[in-house]
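Thank you for coming, everyone. I would like to take a few minutes to go through some local features of this structure, and I will begin once it is on the screen.

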Amino acid sequence: MKGVTLNLDISARELTATVDPLLIDDVLQPNELKTFIESSEYRDVFILENGISALCERSNGAKKANSIEEQTQVVGEVRDAKFTVNLKDEEMKAELVVESPCYGSIPPYEEVIAMLHENGVRRGISKKRVESLLFQASQVGSGFEFTDTVAKGLPPRDGKPSYIKAIFPNALERILQPQEAGNNKVDMRNLGDILCVKANIAVARRVPPSKGRTGFTVSGKPIKSKEGNWLPIKLGANTSISPEDENVIIADVTGQPKFAKNIMTVNDTFQTKGVNVGTGNINYDGAVIVNGDVTESMHVIATGDVTINGFVESANIQADGDIIITEGAMGKMNEEDCKLTAKGSVFVQHGQGLDIKAGKNLNVRKQLAYSRVNCKGKVTIGEPDKPMGSLFASSIQCGSTISAGTVGAVSGSALNIDFSDAFNQLNTRYDSLLVYLKQLRENSFDHTVKLRDMKSKNVPSALNNSVSKIEALIESEKHLLDWLEITEQELSQAKVDFEKNAKIVANKELFQGVSVKMNKTNWRSEKEYLKCVIKLSGGKWKYHPLLR
């Protein structure tokens with residue numbers, strides 16, 4: 001710029017501008033001088049607007065007076081990066097505000113950490129975030145501001161409450177876990193002894209609550225955690241607290257232990273070497289253990305688990321708990337003469353010609369064929385970790401994933417899988433809840449408004465007791481509404497999870513003739529596929545190769 005000279009004094013950290021009034025063609029404007037500085041090699045300095053205005057005013061005055069005296073003024077400063085530390089959320093986090101330098105320098109990481117310490121930030125510092133802020137400040141022009149959380153405190157974690165731990169596994173858990181055979185091997189044929197505990201034996205123990213984890217603020221102040229609560233022991237049937245230890249649950253009778261929903265129960269156990277025309281049918285209020293076969297046309301009905309350490313042929317087995325058949329089960333293919341009905345899960349080594357109803361899961365260790373299944377949970381044909389069994393020529397209604405090694409058969413015999421019933425039941429529950437929830441929302445709102453209007457008026461003292469009762473009822477209504485809101489969210493998520501889990505996993509191959517259905521959405525395999533997954537995607541059944 002004609003008549004203007006810039007000079008940077010590094011020691012003084014100042015940029016000065018010198019103006020020769022005689023060389024100025026016209027009136028010197030502050031904006032023109034500022035633009036000149038910003039286009040020069042000193043554009044990154046911090047510009048002093050007041051200095052520019054003062055220099056222009058003096059220079060224009062000197063030119064008007066025909067003065068030859070040069071005018072000099074400090075118009076900029078060299079500034080290093082500026083840091084501001086803000087402690088927030090009761091010192092649970094620290095924000096670092098960085099303003100990029102104006103022709104100055106950016107301190108190294110170590111100096112920034114020292115600065116954080118001086119400002120009370122001593123714990124939870126993120127090296128990665130501090131370095132990221134310093135890098136950003138080095139890549140932009142002067143005067144830009146960046147903010148990030150560079151330190152976080154650790155919230156305390158309260159201790160977990162006490163809980164009940166079973167000493168003996170449930171029968172089904174034992175069956176699904178083959179016994180050790182030494183040398184880090186397992187014996188797949190050894191499913192362990194059928195468990196039956198004696199009276200006065202400890203069957204469960206209450207584990208003490210944990211103490212939790214102490215937290216800290218970014219300044220290093222410890223935050224104490226709360227120790228978990230001692231929850232009362234809920235006793236199941238035929239159990240009691242040990243007189244020697246209040247945290248131990250003992251069996252009152254000789255029977256089969258069953259642990260579910262944090263409650264230990266010991267079922268009276270009926271044991272027999274087999275069920276046939278010689279023994280007669282069994283209808284028992286408790287668990288049943290059969291150390292032998294159940295022969296044709298026999299019935300075994302129990303309110304507990306039914307464990308059969310043998311073979312079942314064309315018999316009727318019913319249990320309010322689980323059904324466990326350590327060998328196989330077989331019925332006539334065209335007759336419903338071998339029925340396994342459990343409110344819990346069903347385990348069988350292999351099956352053919354069966355009618356199975358399981359309230360939870362179904363696990364068939366080797367093969368299931370020519371059967372009819374209604375299972376609320378998962379159907380697993382093979383080992384639980386990687387099912388490699390065979391499933392073919394059956395009709396299955398399922399409420400979750402079906403996993404097997406081979407799905408279908410080379411012959412193309414029909415295998416029909418239907419997820420409709422379980423999904424429709426879930427939809428029906430959800431729709432019914434929405435109707436009730438909508439009505440309760442309206443009622444709660446109306447009642448709250450009416451109560452507010454009532455309290456805004458002069459209510460006679462004689463009615464205060466009645467008003468208090470109304471308030472209590474409305475509060476109870478709000479608690480019910482809150483519970484239903486949570487239930488609605490859970491059911492909504494359950495619908496999402498159902499569609500996600502409704503799938504067929506073939507770990508080896510899937511043959512022609514497999515049909516999959518959910519209401520009006522259908523899919524049928526018209527050829528053989530290698531290991532794959534058939535699942536819903538975009539509202540349609542689709543084939544996906546199994547990449548593992």
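**Cysteines, a helix pair and two backbone outliers**

Let me start with C375, which counts as buried because its relative accessibility is 2%. Please keep in mind throughout that what we are looking at is a predicted model.

If we ask how far the sulfur of C375 is from the closest cysteine sulfur, the partner to look at is C398, whose sulfur lies 5.2 Å away, and that is too far for a bond. Looking from the other side, the cysteine sulfur closest to that of C398 is the one in C375, again at 5.2 Å. C398 is likewise buried, with a relative accessible area of 2%. A disulfide is a covalent bond between the sulfur atoms of two cysteines, and the cut-off applied here is a pair of sulfur atoms within 2.5 Å, so the 5.2 Å between C375 and C398 does not qualify. How many disulfides turn up when the whole structure is searched? The search returns zero.

Let me turn now to the helices. Helix α1, which covers residues 30-38, packs with helix α2, residues 49-64, at an angle of about 125 degrees, and their axes are 9 Å apart. Angles of 65 to 115 degrees would count as roughly perpendicular and those over 145 as roughly antiparallel, and α1 and α2 are therefore described as oblique to each other. As for handedness, α1 and α2 make a right-handed crossing.

Which residues meet where these two helices come into contact? On the α1 side they are P30, L33, K34 and I37, and on the α2 side E49, I52, S53, L55 and C56. Sorted by character, the residues of this contact comprise six nonpolar, one polar and two charged.

Finally, I would like to draw your attention to two places in the backbone. Y103, although it is not a glycine, has a positive phi of about 65 degrees, and this residue sits in the loop that runs between β6 (93-99) and α3 (109-118). With a relative accessibility of 34%, Y103 counts as partly exposed. S314 is not a glycine either, and its phi is also positive, at about 45 degrees; S314 is found in the loop between β22 (312-313) and β23 (316-319). Is S314 buried or exposed? Its relative accessible area is 6%, so S314 counts as buried.

That is where I will stop, and I am happy to go back to any of these places on the screen.

Note on methods:
Residues are numbered from 1 along each chain as its sequence is written. This is a predicted model: local features need pLDDT of at least 70, side-chain atom pairs count only at pLDDT 80 or more; totals for chains, interfaces and linings use all residues. Side-chain values use heavy atoms; hydrogens and water are left out. Axes are lines fitted to C-alpha atoms, for helices over the stretch in contact, and angles run from 0 to 180 degrees between N-to-C directions. Helices (H or I, at least four residues) and strands (E, at least two) are DSSP runs, numbered from the N terminus. Angles under 35 degrees count as roughly parallel, over 145 as roughly antiparallel, 65 to 115 as roughly perpendicular and the rest as oblique. A crossing is left-handed if the near helix is turned anticlockwise from the far one by less than a right angle, and right-handed if clockwise. Contact means heavy atoms within 4.5 Å. Ala, Val, Leu, Ile, Met, Phe, Trp, Tyr, Cys and Pro count as nonpolar, Asp, Glu, Lys and Arg as charged, and the others, Gly among them, as polar. Buried means under 20% relative accessible area, exposed over 50%, partly exposed in between (1.4 Å probe, protein chains only).
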